[in-house]
Amino acid sequence: MNLLEIRNMKKTFDELEVITDISLNVKKGEVVSIIGPSGSGKSTLLRCATMLEKMDGGEMSYLGEKAAWEEETPEGKKVVYAPKQDLKRISRYFGLVFQNFNLFPHYTVLKNIIDAPVSVDKVPKKEAIGRAEKLLERLGLSDKTDAYPYQLSGGQQQRVSIARALALQPQILFFDEPTSALDPELTGEVLKVIKQLASEHMTMIIVTHEMQFAREVSDRIVFMEGGVIVQEGTPDEIFTSENARVREFIGKFGS
């Protein structure tokens, strides 16, 4: 079964059509990287998939449960979302790691990680702490439990935000350019964590500009431009693409 199914997604901001028509399926255990030039709609696709933005057209399901679909209205077709309770349950299927970490500055590392499991998922505090400590150990941050975000490097902050997303035990993780706010040295430590998750068959969708990383970690790469998918395929298919635009884009990264 597909963990995520998107059919004919559309999204417009004012008069600007950012996503024209996108369909995408992601299976359990699959790692999908989304590449393409700035302004091609990659981040908007992620924001619509995680319901931070509402779609203007199309339908979307997680694990076969419909989150959004189109219905005919007197004004024409309109996207309808599932009832609030259903959406709350569906939103637990996924986690999102932002490019700017989005940690709470006034919370310790531990509190940043346990806050949502305790307050949203009603996980007992002791269990949430145990879960958080295991994740911090796994991500090489055991000694940072009581630190505050400002005391951490950018790479450490991003690893904490990955731990925070994993603490909710999602079925699928979305990464929106997880290394774009980091210098090259710190980028490596975050990519290493994502590679480790890939080796554990965590389902992931990663918007990235790191071409070599996308090539190494992905089962499938999606090249987007102008709000549509221009080409998708295995890393080998994309990196040896006959499509001139795909070749030109990848060539710029020296791959």
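**Two sheets and the helices around them**

Helices α5 and α6 cross in a right-handed manner (the near helix is turned clockwise from the far one by less than a right angle; anticlockwise would be left-handed). The model is predicted, so local features need pLDDT of at least 70 and side-chain atom pairs count only at pLDDT 80 or more, while totals for chains, interfaces and linings use all residues. Residues are numbered from 1 along each chain as its sequence is written, and side-chain values use heavy atoms, with hydrogens and water left out.

Helix α5 covers residues 154-167 and helix α6 residues 184-199 (helices are DSSP runs of H or I with at least four residues, strands runs of E with at least two, numbered from the N terminus). The two pack at an angle of about 25 degrees, and their axes lie 8 Å apart (axes are lines fitted to C-alpha atoms, for helices over the stretch in contact, with angles from 0 to 180 degrees between N-to-C directions). This angle makes α5 roughly parallel to α6 (under 35 degrees; over 145 is roughly antiparallel, 65 to 115 roughly perpendicular and the rest oblique). On the α5 side, the contact (heavy atoms within 4.5 Å) is made by Gly154, Gly155, Gln156, Gln158, Arg159, Ile162 and Leu166. Leu186, Glu189, Val190, Val193, Ile194 and Leu197 contribute from α6. Seven of these contact residues are nonpolar, four polar and two charged (Ala, Val, Leu, Ile, Met, Phe, Trp, Tyr, Cys and Pro are nonpolar, Asp, Glu, Lys and Arg charged, the others, including Gly, polar).

What is the order of the strands in the open sheet of six? Read across, it is β7-β8-β9-β3-β10-β11, with mixed pairing (two strands pair if DSSP finds at least two bridges between them). Strands β7 and β11 (228-233) stand at the edges with a single partner each, so one side of each has no neighbour in the sheet. On average, neighbouring strands here are turned by 20 degrees against each other, direction ignored. Helix α1 (residues 42-49) packs on this sheet, where it touches β3, β7, β8, β9 (203-207) and β10, and its direction makes about 145 degrees with that of β8. Helix α6, met above, lies across β3, β8 and β9 and runs at about 145 degrees to β9.

Within this sheet, β3 (residues 31-35) and β10 (residues 220-225) run parallel and are joined by four bridges; Ser33 stands opposite Ile221 in β10. Edge strand β7 (residues 94-97) likewise runs parallel to β8 (residues 172-176), with four bridges between them, and Gly95 stands opposite Leu173 in β8. In a regular strand, side chains alternate between the two faces of the sheet. In β7, Phe94 and Leu96 point one way and Gly95 and Val97 the other, and all are buried (under 20% relative accessible area with a 1.4 Å probe and protein chains only; exposed is over 50%, partly exposed in between).

A second open sheet has five strands in the order β2-β1-β4-β5-β6, paired antiparallel. Its edge strands are β2 (16-27) and β6 (76-81), each pairing on one side only. From one strand to the next, the twist averages 20 degrees. Five bridges link the antiparallel strands β1 (residues 2-13) and β4 (residues 57-62), and the bridge partner of Arg7 in β4 is Glu59. Helix α1 packs on this sheet too, touching β1, β2 and β4, with its direction at about 120 degrees to that of β1.

Finally, Ser241 sits in the loop between α8 (235-239) and α9 (244-251). Ser241 is buried, with a relative accessible area of 3%. Neighbours within four places in sequence aside, Ser241 is in contact with Gln231, Val246 and Arg247.
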